[in-house]
Amino acid sequence: MKPLQGIRIADFTVHAAGPFCTHMLSQLGAECIKIESALRPDIFRKPHTVYGRKGPASFDQVASNKLSVRLNLKKPRGVDLARRLVGLSDVAAESFRSGVMDRLDLGYDALKAVRPDIVMVSVSSSGQTGPDSHFAGYAPLFGAWGGLGYLTGYGDGPPVEMRHVMDHSVGLNAALATIAALHRRRRTGEGTHVDVAAREVASSLIGEAMMAVAAGARLGRMGNDDYRRAPHGLYATDVPDRWLSIAVGAEAEWLAFLSVIGRPELARDPRFATPEARHAERAALDAIVAEWSARQNAEAAATALQAAGVPAHVSWNTGDLVRDPHLRARGAIVEVCEDDERRRAAVGFPARFSGCDDIGIVRGTPRLGEHEEYVYGELLGLGRREYEALVEEEVIH
């Protein structure tokens with residue numbers, strides 16, 4: 001049995017953060033029904049050539065595993081059908097701006113009237129309450145609002161815009177909160193409204209910086225440096241754009257590193273005698289490491305350093321990840337079959353459960369409205385004539 005088998009989600013989410021939340025839950029076994037309309041499909045569904053194939057790659061990564069139905073929420077009967085579906089669901093998830101679901105008459109109070117123990121999950125930029133709750137936002141703004149962008153980049157350059165990593169971090173936090181709410185409902189019988197603010201997720205990731213400010217220090221952008229370790233960073237190798245990541249911390253790692261690069265005499269250099277000294281002289285040390293790495297094969301150098309106990313690895317690109325036998329053996333990279341029988345690589349669920357080998361992606365990206373016969377027919381009990389009438393009226397559209 002999958003961990004969330006038997007849980008049904010009415011999924012009103014759009015874009016990336018909210019859909020990634022429900023995508024994670026679907027991989028754990030929840031039945032996730034994505035609700036959208038041909039009038040306003042999820043903006044990530046738009047077809048475009050990405051990564052060498054025509055198709056919505058950005059949609060694939062958050063919609064695989066889901067069921068799809070069309071529903072026009074601008075029509076009263078569409079709202080009624082949405083409520084009926086929520087009445088058969090355990091979770092209702094949405095990611096609109098604060099107040100949108102209330103205006104559609106699908107807010108928490110309205111849904112609780114349909115199913116008193118419903119768990120509603122709202123993902124937004126600034127939350128459902130507070131003076132900024134009306135603000136709209138996308139992934140780059142989440143990192144900017146939350147202070148994470150300001151800390152990311154080089155000291156002599158601007159903050160770095162954070163993109164999908166922010167959406168996915170928000171989605172993971174929302175998925176965790178949803179599971180907690182379901183657990184609470186099982187113990188108490190009570191539903192709840194889970195309110196996830198993306199900017200607060202970003203702020204939760206900079207705890208070290210907040211602690212430093214509280215202590216009177218100020219942290220800024222430091223590129224690939226570390227607050228304590230040296231050498232620490234990415235170093236060019238003998239192939240263009242093939243980088244070696246090295247992080248030397250403990251004294252034993254430092255001595256092993258010197259042995260691998262053939263510079264044992266640096267252990268007696270007073271500039272590098274202690275971790276503090278090495279950090280203070282990291283510019284000079286980086287020049288030495290860069291001169292060595294520029295002559296190295298990245299894979300061979302990483303293997304030698306790892307064998308000596310030094311944390312090091314090649315900075316992989318997506319092609320490396322897709323081809324990696326370790327990730328494929330663990331199901332972190334899986335093959336998904338599409339309608340035309342072609343297969344594509346996809347990112348699997350990043351955890352394993354003993355006694356449960358079939359979590360993860362079991363179907364590809366759904367076509368718009370692909371599962372209406374099951375949802376409207378089997379679940380809601382609509383007859384063929386009623387269904388066709390609703391399509392004609394553009395309620396199901």
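This report walks through some salt bridges and a few single residues in a predicted model.

**Charged pairs**

Let's start with the overall tally: searching the whole structure turns up 26 salt bridges. Three of them are set out here, with the gap between the closest N and O atoms.

| Basic residue | Acidic residue | N to O distance |
|---|---|---|
| Arg344 | Asp60 | 3.8 Å |
| Arg115 | Asp117 | 2.6 Å |
| Arg185 | Asp117 | 3.8 Å |

Take the pairing of Arg344 with Asp60 to begin with. It links distant parts of the chain, since Arg344 belongs to strand β13 (residues 343-347) while Asp60 sits in helix α2 (residues 57-63), 284 residues apart. Are these two partners buried or exposed? Arg344 has a relative accessible area of 10%, so it counts as buried. Asp60 is buried too, at 7% relative accessibility. Both values fall under the 20% cut-off for being called buried.

**A shared partner**

Now for Asp117, which turns up in two rows of the table. Its salt bridge with Arg115 has the closest N and O atoms 2.6 Å apart, and Arg115 is buried, with 18% relative accessible area. Asp117 also meets the side chain of Arg185 in a salt bridge, at 3.8 Å from N to O. What does that second bridge tie together? Arg185 is part of helix α7 (residues 164-188), whereas Asp117 is in the loop between α5 (108-114) and β7 (119-124), so the bridge connects parts that are 68 residues apart in sequence. Arg185 is another buried residue, with a relative accessibility of 12%. If you're tracing these contacts on screen, add Asp90 to your selection: through salt bridges that share partners, Asp90, Arg115, Asp117 and Arg185 make up one network.

**Elsewhere in helix α7, and just before it**

Helix α7 is also home to Thr178. How accessible is Thr178? Barely: its relative accessible area is 1%, so Thr178 counts as buried. Leaving aside residues up to four places away in sequence, Thr178 touches Cys21, Leu25, Val91 and Val121.

Arg163 makes a nice contrast. You'll find Arg163 in the loop between α6 (139-146) and α7. At 53% relative accessibility, Arg163 is exposed, while Thr178 is buried at 1%. For a sense of scale, the C-alpha atoms of Arg163 and Gly369 are 29 Å apart, and the two residues are separated by 206 residues along the chain.

Notes
Residues are numbered from 1 along each chain as its sequence is written. This is a predicted model: local features need pLDDT of at least 70, side-chain atom pairs count only at pLDDT 80 or more; totals for chains, interfaces and linings use all residues. Side-chain values use heavy atoms; hydrogens and water are left out. A salt bridge is a side-chain nitrogen of Lys or Arg within 4 Å of a carboxyl oxygen of Asp or Glu. Helices (H or I, at least four residues) and strands (E, at least two) are DSSP runs, numbered from the N terminus. Buried means under 20% relative accessible area, exposed over 50%, partly exposed in between (1.4 Å probe, protein chains only). Contact means heavy atoms within 4.5 Å.
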